[in-house]
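This report describes a protein chain and the ligand beside it. Please keep the sequence and the structure in view while reading.

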Amino acid sequence: TQDLLQHLPLRNKKILITAGPTYEAIDPVRFIGNHSSGKMGFELAREAAKLGAEVVLVCGPTHLKTENDSIRLIRVVSAGEMYEAVHAEYEGANVVIAAAAVADYKPKIVAAHKLKKQENSLNIELEPTRDILASLGALKQHQKLVGFALETDNELENARGKLERKNLDFIVLNSLKDEGAGFKSDTNKISIVTRDEVKRFDLKTKTEVARDILNEVILLLDEKN
Ligand code: CTP
Ligand code: CA
């Protein structure tokens with residue numbers, strides 16, 4: 001059993017993971033969304049469970065499913081709902097990994113009835129959503145916080161800016177420049193960025209990428225105890 005336990009480096013750890021897109025309602029039948037598949041978050045959840053963690057997976061609209069007793073799935077739709085669900089689970093969490101592609105804006109007014117088409121152009125006023133990860137960063141105590149950054153230019157500078165602003169322990173930089181990386185694919189090419197270090201990884205399957213990220217989490221958890 002000693003041997004078995006060695007392979008469960010995340011046992012007794014609660015890991016909170018966000019995944020997928022969020023949908024922001026325009027009216028009862030329409031929304032503003034994005035192409036996030038949720039795959040990266042689901043792979044992280046699966047791998048973390050394999051490593052012995054108790055996983056809470058808060059995900060926006062996706063067709064992905066999980067049947068794993070160690071993964072508690074909380075399905076949400078909007079950024080506001082994701083914010084509430086994540087905050088309700090934050091206190092007992094040891095690690096948060098924010099892989100969700102949260103909408104930055106939502107319609108200021110949600111129409112109660114389906115909008116009818118008109119001759120003239122339509123303007124929908126948008127207001128910012130709350131930044132979930134930044135709010136966790138501001139409340140951070142013992143928790144380790146991991147974010148994702150999807151950048152097209154000034155990648156490193158932008159990623160480091162987010163790392164600081166959101167009070168993260170590290171940020172996973174997703175290169176959109178590379179083929180086979182990003183939202184819908186099964187592969188990803190990442191760099192793990194801390195305040196004083198950048199670790200670059202090859203193009204890999206999202207399962208392998210999840211393992212690389214969790215390895216870094218395990219190192220981080222080992223540091224202080
Ligand atoms: N994030 C979040 N809540 C939001 C927006 C983003 O929790 N309302 C999280 C994402 O899950 C990700 C990280 O913050 O882990 C960075 O998201 P990203 O969209 O790259 O950064 P933003 O701060 O939204 O800045 P921008 O979109 O302008 O690059
Ligand atoms: Ca954003």
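## Overall fold

In this predicted model, the secondary structure of the chain comprises six helices and 14 strands. The radius of gyration is 18 Å, close to the 17 Å that the globule rule gives for 225 residues, so the chain is as compact as a globular protein of that length. Along the principal axes, the C-alpha trace spans about 70 × 40 × 35 Å.

Of the 225 residues, 36% count as buried. Among contacts with a separation of 6 or more, 60% are made by residues 24 or more positions apart.

## Helix H2

Helix H2 covers residues 39–50. At 1.5 Å a residue, its 12 residues should span 16 Å, and the end C-alpha atoms are indeed 16 Å apart, which agrees.

Is H2 enclosed or open to the outside? Nine of its 12 residues are buried, so the helix is largely enclosed by the rest of the structure. The buried residues include Lys-39, Met-40, Gly-41 and Phe-42, and also Glu-43, Leu-44 and Ala-45. Just after H2, Gly-52 adopts a positive phi of about 100 degrees.

## Surroundings of ligand 1

The shell around ligand 1 contains 15 residues, of which Ala-98, Val-102, Ile-132, Leu-133 and Gly-147 come nearest. By class, nine residues of this shell are nonpolar, three are polar and three are charged.

Which elements supply at least two residues of the shell? Helix H4 (132–139) and strand E9 (144–151) each do so. Strand E9 gives the most, with four residues.

## Binding-site annotation

An unreviewed UniProt entry places the feature "binding site" at Asp-104, Lys-114, Phe-148, Lys-162 and Lys-166. These positions are spread over 63 residues of sequence, and they are also spread in space, up to 37.4 Å between C-alpha atoms.

Two of the annotated residues, Phe-148 and Lys-166, can be followed further. Phe-148 is found in strand E9. It has 22 C-beta neighbours inside 10 Å; because a residue with 20 or more is classed as buried, Phe-148 counts as buried. Beyond the residues up to four places away in sequence, Phe-148 touches Ala-98, Ala-99, Ile-171, Val-172 and Asn-174.

Lys-166 lies in the loop between helix H5 (155–165) and strand E10 (170–175). With 21 other C-beta atoms within 10 Å, Lys-166 is buried. Leaving aside neighbours within four places in sequence, Lys-166 is in contact with Leu-133, Ala-134, Gly-137 and Gly-147. Of these, Leu-133 and Gly-147 are also among the residues that come nearest to ligand 1.

Methods
Residues are numbered from 1 along each chain as its sequence is written. Chains are lettered from A and ligands numbered from 1 in the order in which they are written. This is a predicted model: local features need pLDDT of at least 70, side-chain atom pairs count only at pLDDT 80 or more; totals for chains, interfaces and linings use all residues. A residue is near a molecule or strand if its C-beta atom, placed from the backbone, lies within 6 Å of it. Ala, Val, Leu, Ile, Met, Phe, Trp, Tyr, Cys and Pro count as nonpolar, Asp, Glu, Lys and Arg as charged, and the others, Gly among them, as polar. The expected span of a helix is 1.5 Å times one less than its number of residues. The radius of gyration is taken over C-alpha atoms; the globule rule is 2.2 Å times the number of residues to the power 0.38. Two residues are in contact if their C-beta atoms, placed from the backbone, lie within 7 Å. UniProt positions are given in the numbering used here, feature names are shortened, and annotations may be inferred rather than shown by experiment.
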